[in-house]
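Work through the exercises below with the sequence and the structure open beside you. Each one sets a task and then follows it with a solution in steps.

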Amino acid sequence: MANDLANQTKVSLSTAINKILEWTDTFIGLLPNIAVAIIVFILFFLFARLAKKSTIKLFVLSSDIDVLKNLFVGLVYYCVLRLGMFIILEILNLKTAVTSLLAGVGIVGIALGFAFQDIAANFLSGIILAYRKPFRITDIVQMGEYIGTVTNINIRDTVVKTFQGQEVVIPNRSVIQNPIINYTILGQRRVDLTFRASFYEDLSLIKRLTLQVLNPIQEIIRKEEINFVYTEFDHSYINFEIRFWVSYQQEKDFINTRSMVIMEIKKVLEQNNISIPFTIRLNEVNKTNA
């Protein structure tokens, strides 16, 4: 019994020693590869830092969005280091580890792609917006049904403060897929007004009086492009439109000038005894007859 136990101990010890010797031989045989792997690691580390600096310089020239810059700088840096890691594993003859890592990255990438499809779409849309720059912070824009001032531009969404005081967070995917109207970029905006004239009024006089009112108003620019046209016959009146341009830096430039023009036109028409017709609703007529 004691002899059997002693023999088993000797066999186990011999196996352990042989295994250690085998590992030692393998390690000694890998020393040249390890040295090369260390050199490759140092080279890729330096290359990653160089790529990081180059990416920062590129973004300074092409984009002023810090979030996007930091994201891409980190992405480039770690992609270079990961490539170096795969090469080092290959140098050390760890092909199985390389294969497992690549397979794992592929599976994780597919899973994340399905799980975060909308997030990825908004992220890519944010990158496109960062380069195209259709608007900037403080610009007045219209995106779908929302119109207001851009207060923040993020990677995944754009924040607009409407003129009613609400803050609207719009996904960048929606921003890219729908028309964007930027009222600030040109610094000018056209005002379109529609009025009515009675059948019995002198249309030439109405046009002349209206243009006389518009020309002295300082807020109206491009005086030569002031446009007055009669557009159509309606039930009991004739429609006419006035179009003119105003300098536009903020919304009050537009609404205040529009309000002023409406007041001045009404005043000059009343001073010349020109009536402004209005629509008579059927229910109002019935109440009067009753």
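**Exercise 1. Find which residues of helix 7 are exposed and which are buried, and work out how the two groups are placed around the helix.**

Solution. Begin with the exposed side of helix 7, where this predicted model has Met263 and Gln271 as exposed residues. For a residue to count as exposed, its relative accessible area must be over 50%, whereas a buried residue must be under 20%.

Next, list the residues of helix 7 that pass the second test: Glu251, Phe254, Thr257, Val261, Ile265, Val268 and Leu269 are buried. These buried residues cover an arc of only 155 degrees around the axis, and therefore they lie on the same side of helix 7. The spacing has a general background, because an α-helix has 3.6 residues a turn, so residues three or four places apart point the same way.

Then ask what lies over the buried residues of helix 7: the cover includes strand 1, strand 6 (188-198), helix 6 (203-214), strand 7 (220-221) and strand 9 (237-247).

Finally, check the length of helix 7, which runs over residues 251-271 and spans 31 Å from its first C-alpha to its last, close to the 30 Å expected for its 21 residues at 1.5 Å a residue. Just after helix 7 comes Asn273, with a positive phi of about 55 degrees.

**Exercise 2. Decide whether Glu251 is buried or exposed, and name residues that it touches.**

Solution. Locate Glu251 in helix 7. Its relative accessibility is 16%, and because the limit for a buried residue is under 20%, Glu251 counts as buried.

Now look for partners further along the chain: leaving out residues up to four places away in sequence, Glu251 touches Ile140, Phe163 and Arg189. A further point of reference is Tyr183, which is 68 residues from Glu251 along the chain, with 9.2 Å between the C-alpha atoms of the two.

**Exercise 3. Show where the buried residues of helix 6 lie around its axis, and what covers them.**

Solution. The buried residues of helix 6 are Ile206, Leu209, Thr210, Val213 and Leu214. When helix 6 is seen down its axis, these residues fall within an arc of 135 degrees, so they line one face of the helix.

The cover over them includes strand 6, strand 7, strand 8 (227-233), strand 9 and helix 7. As for its dimensions, helix 6 has 12 residues and reaches 17 Å from first C-alpha to last, close to the 16 Å expected at 1.5 Å a residue.

**Exercise 4. Trace the open sheet of five strands, giving the order of its strands and the way in which they pair.**

Solution. The order across the sheet is 4-3-2-1-5, and the pairing is antiparallel. The edges belong to strand 4 (167-171) and strand 5 (180-182), each of which pairs on one side only. From one strand to the next, the twist averages 40 degrees.

Now follow the pairs in turn. Strand 1 (residues 140-143) and strand 2 (residues 146-153) are antiparallel and share four bridges, and Gln142 has Ile147 of strand 2 as its bridge partner. Strand 2 is joined to strand 3 by five bridges, with Thr149 partnered by Lys161 of strand 3, while a hairpin of three residues connects these two strands.

Strand 3 also pairs with strand 4 in the antiparallel sense, over five bridges, and here Val159 stands opposite Val169 of strand 4. The hairpin between strand 3 and strand 4 has four residues between the strands, and in it Gly165 takes a positive phi near 95 degrees.

To complete the picture, consider strand 3 (residues 157-162) by itself: five of its six residues are buried, so strand 3 is largely enclosed by the rest of the structure.

**Exercise 5. Establish where Ser125 lies and which residues it contacts.**

Solution. Ser125 belongs to helix 4 (residues 117-132), and at 8% relative accessibility it counts as buried. Once neighbours within four places in sequence are set aside, Ser125 is in contact with Asn172, Arg173 and Ile176.

**Exercise 6. Describe the chain as a whole, from its helices and strands to its surface.**

Solution. The chain has eight helices and nine strands, and 27% of its 290 residues count as buried. Among contacts with a separation of 6 or more, 59% come from residues 24 or more positions apart. The accessible surface comes to about 19,500 Å², and 61% of that belongs to carbon and sulfur atoms.

How values were computed. Residues are numbered from 1 along each chain as its sequence is written. This is a predicted model: local features need pLDDT of at least 70, side-chain atom pairs count only at pLDDT 80 or more; totals for chains, interfaces and linings use all residues. Side-chain values use heavy atoms; hydrogens and water are left out. Two strands pair if DSSP finds at least two bridges between them. Axes are lines fitted to C-alpha atoms, for helices over the stretch in contact, and angles run from 0 to 180 degrees between N-to-C directions. The expected span of a helix is 1.5 Å times one less than its number of residues. Buried means under 20% relative accessible area, exposed over 50%, partly exposed in between (1.4 Å probe, protein chains only). The arc is that of the directions from the helix axis to the C-beta atoms. Contact means heavy atoms within 4.5 Å. Accessible areas come from the Shrake-Rupley method with a 1.4 Å probe; for residues, only the protein chains shown count as cover.
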